[in-house]
Amino acid sequence: MTSLLRKCNTLCNQLLKGCTSHFTVVPRRWLNDTDKSTMTIVNQDTSLGILINSYSRAGFRLSNGMMAIGPIAIFPKSVLSWDVNTAEDINEESLSLFYTLEPKIDILVIGVGNPGQQVSSKIIQYMKEKHISLEISPTETACATYNFLNAEGRCVAGALIPPTQYRISEDDIASTKRRNRDMMKVDDFPIV
Amino acid sequence: MAASGLHLLVLPGKCCSSFLPSKSPILSSNAILRYNTTESSPTIKKVDAVATSSLMDFGLYVAECMPKYVQKVQIVTGNELEVLVAPDGIVPVLHFLKDHHQCQFASLADIGAMDVPSRENRFEIIYNLLSLRFNSRIRVKSYTDELTPVDSCYEVFKAADWYEREIWDMYGVFFANHPDLRRILTDYGFEGHPFRKDFPLTGYVEVRYDDEVKRVVVEPVELAQEFRKFDLSSPWETFPNLRTLPAGTEEDLKATQTGPAKQ
């Protein structure tokens, strides 16, 4: 048994020696760039326009470093404050900016704040007549929808109302603390 | 056994649960000569009488446990148990089927829906459950119309999340207390509910890339060729051996409340 192993070993050594004499040993790294897996974070790509990094009760943090307070009307290259109280208060006048723009937007993403809020059906009908598709959802999902519709390159605008109730994760609390530079502080009521 | 098995295989739609040899001859005498019915064929579904009768007993048991909500219990295609419930009772019945010790249907396989426009409650919601403990399946069916919301069973089965989103997107059935009911399969600005029977196959809008404005535009659909409906029936009958078969029936357990049915 051991002699067999020894024979195998010597055979291997000879083979290896043979290899090394004729070829160079290729290190176990990627042989070419197409083999690598890459990851890009969409929000960090500035060529895609302004995207929403995070939201809170107060407003939104955008990918260009700005913070917008209150409801916003967001476009790929600009962001404006939007004068609207709640989702029910949305009327033709508050949406007038979106349908008078050139080039005409394909989809308007409306973030209604908390999940239960409704937009009046007359407004939905009105925008249908103007040939603008609406995507009405709670603000949490509307932010993400706006982000990846923009990343895809579609003509989309966002009309977002900050939510008052939303889920907070440990990660959110930690990143807020990091931003405020008091990670060591023990907080009974973390403000996100 | 093989003869009745053949009977079950061929009939379309819902089939009766008669799995015992019937008294009336199914095949004509000519066919018997050609077709040897005593041989078992692997392509013919074999119906286990014992299993089906125990399934029927279980169906009656479920009906007795939940008398307020269960409206009908039936066995279709020989070995599939269906429980028809009122829409108010979907969540209680699913809760019962999941948590009761004799049921333990802990796995939600699928939620589907069916649109029958001629009915008053045009949509039928169909829940398919699987019990790993007892290796059996059950189907819970309920109904609703276009405007009445249905209670979401997300609190019972977490898997119901995306299935209910799909039904909302495709049929327009609203699920109350769903955590996040929004579209899942259709495009973002899409209007309409595609799986409804009154939604045309080609849809209402088409998308194309317009070079002038340099982006994808949405326009009303224009078919270059008119929609052709092919008539696929042939002049020759496809199953000459089975000319004299009777039509299939549903075995209604609540009405009969007796033992194994006979045709």
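Visitor: Which residues form the nonpolar patch on the surface of chain B?

Guide: In this predicted model, the patch is made of B:Tyr204, B:Val205, B:Val207, B:Tyr209, B:Val216 and B:Val218, and together they have about 600 Å² of accessible area.

Visitor: Which strands supply at least two residues each?

Guide: Those are strand S8 (205-210) and strand S9 (215-220) of chain B. S8(B) gives the most, with three residues.

Visitor: Let me take one member of the patch. Is B:Val218 buried or exposed?

Guide: The general idea is a cut-off: a residue is exposed when its relative accessible area is over 50%. B:Val218, which lies in strand S9 of chain B, has 54% relative accessibility and therefore counts as exposed.

Visitor: And A:Ser94, is that residue buried or exposed?

Guide: Here the other cut-off applies, since buried means under 20%. A:Ser94 is at 12% relative accessibility, so this serine counts as buried. Look for A:Ser94 in the loop between strand S5 (79-81) and helix H2 (96-100) of chain A. Leaving aside residues up to four places away in sequence, A:Ser94 touches A:Trp82, A:Val84 and A:Asp89.

Visitor: Let's widen the view. How many helices and strands are there in chain A?

Guide: Chain A has five helices and eight strands. Along the sequence, the pattern reads α-β-β-β-β-β-α-β-α-β-α-β-α. Of the 192 residues in chain A, 32% are buried. For the chain's contacts between residues at least 6 apart in sequence, 63% join residues at least 24 apart. The exposed area of chain A is about 13,100 Å², with 55% of it supplied by carbon and sulfur atoms.

Visitor: What pLDDT does chain A average?

Guide: The average is 81, and 80% of the residues score at least 70. Over residues 16-21 of chain A, though, the pLDDT is below 50, and this stretch has one contact in the model beyond near neighbours in sequence. Where pLDDT is low, the predicted coordinates should not be read in detail.

Visitor: Now the interface, please. How much area do chain A and chain B bury between them?

Guide: They bury about 960 Å², and 47% of that is on carbon and sulfur atoms. Chain A brings 15 residues to the contact and chain B brings nine residues.

Visitor: How many salt bridges are counted between chain A and chain B?

Guide: The count is three salt bridges. One pair to find in the structure is B:Asp187 with A:Arg154, where the closest N and O atoms are 3.0 Å apart. The cut-off to keep in mind for such a pair is within 4 Å.

Terms used. Residues numbered from 1 in each chain as written. Chains lettered and ligands numbered in written order. Predicted model: local features only at pLDDT ≥ 70, side-chain atom pairs only at ≥ 80, totals over all residues. Heavy atoms only, no water. Patch = residues over 30% accessible without salt bridge, like charges linked within 9 Å, V, L, I, M, F, W, Y side chains within 5 Å. Areas by Shrake-Rupley, 256 points an atom, 1.4 Å probe, with all protein chains shown as cover. Salt bridge = Lys/Arg side-chain N within 4 Å of Asp/Glu carboxyl O. Helix = DSSP H or I, 4+ residues; strand = E, 2+ residues; numbered from the N terminus. Buried < 20%, exposed > 50% of the residue type's maximum accessible area, 1.4 Å probe, protein only. pLDDT = per-residue confidence, 0-100. Contact = heavy atoms within 4.5 Å. Buried area = accessible area lost by both parts, 1.4 Å probe.
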